[in-house]
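Colleague: Hello! I am new to this structure and would like a friendly tour. Could we look through it together, one question at a time?

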Amino acid sequence: MHLDHITIRTRDLPGTKSFFLEVFDELEERERPQAIQRIPGHWLYARDKPIVHLIGARGYGIDSAAEAYDHVGIHLDDYSAFRAKLEALNIPYSKMDLAERGERRLFLRTPSGPLIEAVFHDPIPEPQEQIQ
């Protein structure tokens with residue numbers, strides 16, 4: 001288990017991106033996965049790892065305050081076992097597979113609300129052919 005990334009919400013995407021790139025010389029922006037392109041944002045990489053994720057926020061509505069830490073990503077092993085554990089504990093979660101990164105992700109909330117993203121480098125199953 002280790003920290004995978006942190007996601008920060010901001011009203012000022014260009015300014016926040018510039019801040020991180022100017023302050024931390026090791027960071028560089030690279031493309032984000034296609035599955036999340038609809039969400040305004042940037043991924044900043046340290047070497048080959050996208051460790052700072054920035055997403056745009058308007059600052060209103062439930063669970064969408066601007067200028068906040070949105071969630072923390074934790075890298076774990078054994079997607080199936082962890083998913084089974086969440087189900088056994090009756091903890092709700094949502095799933096996202098990022099095939100182009102070879103990653104599977106599970107999103108869950110702590111009892112008081114903060115979001116946690118569990119990131120796995122487990123194989124993504126091939127889509128099953130549809131039976132006609």
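Colleague: Let me start with Asp12: is it buried, partly exposed or exposed?

Modeller: Happy to help, and please keep in mind that this is a predicted model. Asp12 sits in the loop between E1 and H1. A residue counts as buried under 20% relative accessible area and as exposed over 50%. Asp12 has a relative accessible area of 40%, so the right label is partly exposed.

Colleague: Which end of H1 does Asp12 cap?

Modeller: A polar atom of the Asp12 side chain lies 2.8 Å from the backbone nitrogen of Gly15. That side-chain atom is an oxygen, and through it Asp12 caps H1 at the N-terminal end.

Colleague: How far apart in space are the C-alpha atoms of Asp12 and Gly56?

Modeller: Along the chain, Asp12 and Gly56 are 44 residues apart. In space, the separation of their C-alpha atoms is 7.3 Å.

Colleague: Thanks! Now the overall plan: what pattern does the protein follow along the sequence?

Modeller: The protein has 2 helices and 8 strands. Of its 132 residues, 35% are buried. Reading along the sequence, you meet the elements as β-α-β-β-β-β-α-β-β-β.

Colleague: In what order do the strands form the sheet?

Modeller: The 8 strands form an open sheet with mixed pairing. From one strand to the next, the twist averages 25°. The order across the sheet is E2-E3-E4-E1-E5-E8-E7-E6.

Colleague: Which strands stand at the edges of that sheet?

Modeller: An edge strand here has a single partner strand, so one of its sides is left without a neighbour in the sheet. The two strands in that position are E2 and E6 (94-98).

Colleague: Which residue of E8 is the bridge partner of Arg104?

Modeller: Strand E7 covers residues 103-109 and strand E8 covers residues 115-120. These two strands pair in the antiparallel sense over 6 bridges. In E8, the bridge partner of Arg104 is Phe120.

Colleague: What angle does the direction of helix H2 make with that of E7?

Modeller: Helix H2 spans residues 79-88 and packs on the sheet. There it touches E6, E7 and E8. The angle between the directions of H2 and E7 is about 20°.

Colleague: And what angle does H1 make with E4?

Modeller: H1 packs on the sheet as well, touching E1, E2, E3 and E4. Its direction and that of E4 make an angle of about 155°.

Colleague: Within what arc do the buried residues of H1 fall?

Modeller: The buried residues in H1 are Leu13, Thr16 and Phe20. An α-helix has 3.6 residues a turn, so residues three or four places apart point the same way. On the other side of H1, Pro14 and Glu22 are exposed. Seen down the axis, the buried residues line one face of the helix, because they fall within an arc of 75°.

Colleague: How many residues make up the largest nonpolar core?

Modeller: Leu13 and Phe20 belong to this core, along with Ile8, Leu27, Leu44, Ala46, Val52 and Leu54. Helix H1 (13-23), strand E3 (41-46) and strand E4 (49-56) each supply at least two of its residues. A second, separate core, including Tyr79, Leu86, Leu106 and Phe120, has 7 residues. The largest core has 8 residues.

Colleague: With which side chain does the side chain of His42 make a polar contact?

Modeller: His42 is found in strand E3, and its relative accessible area of 15% makes it buried. Beyond its neighbours within four places in sequence, His42 is in contact with residues including Leu13, Lys17, Val52 and Leu54. The polar contact, at 2.5 Å, is with the side chain of Glu29.

Colleague: One last stop: is Leu115 buried or exposed?

Modeller: Leu115 lies in strand E8. Leaving aside neighbours within four places in sequence, its contacts include Asp70, His71, Val72 and Phe107. The C-alpha atoms of Leu115 and Val72 are 7.1 Å apart, although the two residues are 43 apart in sequence. The cut-off for buried is under 20%, so with a relative accessible area of 18% Leu115 is buried.

Definitions and conventions
Residues numbered from 1 in each chain as written. Predicted model: local features only at pLDDT ≥ 70, side-chain atom pairs only at ≥ 80, totals over all residues. Heavy atoms only, no water. Core = buried A, V, L, I, M, F, W, Y, C linked by side-chain atoms within 4.5 Å. Buried < 20%, exposed > 50% of the residue type's maximum accessible area, 1.4 Å probe, protein only. Helix = DSSP H or I, 4+ residues; strand = E, 2+ residues; numbered from the N terminus. Polar contact = N/O pair within 3.5 Å; in protein donor to acceptor, adjacent residues only side chain to side chain. Contact = heavy atoms within 4.5 Å. Arc of directions from axis to C-beta. Pairing = 2+ DSSP bridges. Axes fitted to C-alpha atoms, helices over the stretch in contact; angles between N-to-C directions.
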